[in-house]
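Thanks for sharing this one with me. Here are my notes, as numbered points, to read with the model open beside you.

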Amino acid sequence: MDLVLENLGCRRGGRPVFRGLSFRLEEGQAAQIRGPNGVGKSSLLRVLAGLVPPADGEARLGDLALSRARAAFQESVAYAGHLDAIKPALTLQQNLAAWASLFGAEAGRVDHALQMFSLEPLADRPAAQCSAGQKRRLGLARLLVMDRLLWLLDEPTVSLDAASTEVVANLIREHISTGGLALVATHIDLGLGDGPVLEMRPLEPSAPVEEDAFLAGEWA
């Protein structure tokens, strides 16, 4: 199952962020998104996660079109953004158990996720007491309790040391080796092989402000 972007565009606050984006990510591939800060890398991932409406064009995952089947599209996506999506009052184990319950995953996946990210000694610690790097590892560990085809990762190695960065890279390689897909916005080389690269460039600053579908309440 491939991910195909067809002339995809995005507006935030009525202003275009990117437009005319066409790209194909084939089954078993990981692609890196490149471009300067503010070019729309995070916005693209949020569009594909179904959190921001596309302004133009289409995104397809196999036979699923984002504009016509957003809920079904989202069922195939795991998104890890800048925020780690954890509950500070819950322990690390409880955070992952909650995600496993939400996504109907086997309980054993929680222990596996803790082990893979070297979080087992911290399993009973409240997330609020963890360092930035530990919280980041916990947030990424969610990927292992979700059975999702497409991983959307926004700067996944922020706050991670070299060892944890290699863990993330290995997990991505393992995911695509079984037919998964990964789209990764990162400024570092994760050693993901010869996958495609999506280059994003700034738009001209003179584009007019247009009505934003999200602000107008059309994306509920």
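1. A word on classes first: Ala, Val, Leu, Ile, Met, Phe, Trp, Tyr, Cys and Pro count as nonpolar, Asp, Glu, Lys and Arg as charged, and the others, Gly among them, as polar. With that, the lining of the second largest pocket comprises 9 nonpolar, 1 polar and 3 charged residues.

2. Please keep in mind that this is a predicted model, in which local features need pLDDT of at least 70 and side-chain atom pairs pLDDT 80 or more, while totals for chains, interfaces and linings use all residues. Residues are numbered from 1 along each chain as its sequence is written, and side-chain values use heavy atoms, without hydrogens and water.

3. Overall, the chain has 6 helices and 9 strands (DSSP runs numbered from the N terminus; helices are H or I with at least four residues, strands E with at least two). Its radius of gyration, taken over C-alpha atoms, is 18 Å, close to the 17 Å that the globule rule (2.2 Å times the number of residues to the power 0.38) gives for 220 residues, so the chain is as compact as a globular protein of that length. Buried residues (under 20% relative accessible area with a 1.4 Å probe, protein chains only) make up 48% of the 220.

4. Strand S8 (residues 181-185) deserves a look: 5 of its 5 residues are buried. Leu181, Leu183 and Ala185 point one way, and Ala182 and Val184 the other.

5. Which strands pair with S8 in the parallel sense? Pairing needs at least two DSSP bridges; S3 (residues 30-34) has 4 with S8, and S7 (residues 150-154) has 5. Leucine 150 stands opposite leucine 181. From S7 the chain crosses through H6 to S8 in a right-handed β-α-β crossover (clockwise from the first strand over the helix to the second, with the strands pointing away from the viewer).

6. Now the pockets: on a 1 Å grid over the protein atoms alone, a pocket is an open set of points where a 1.4 Å probe fits, with protein on both sides within 12 Å along at least five of seven lines, and lining residues have an atom within 4 Å of a point. The largest is lined by 14 residues, with Leu143, Leu144, Trp151, Glu174 and His175 nearest its centre. Helices H4 (108-116) and H6 (162-177) each supply at least two lining residues.

7. Back to the second largest pocket: Ala49, Val77, Tyr79, Phe103 and Met146 lie nearest its centre, among 13 lining residues. Strand S6 (residues 77-80) gives the largest share, 3 residues.

Key:
Buried < 20%, exposed > 50% of the residue type's maximum accessible area, 1.4 Å probe, protein only.
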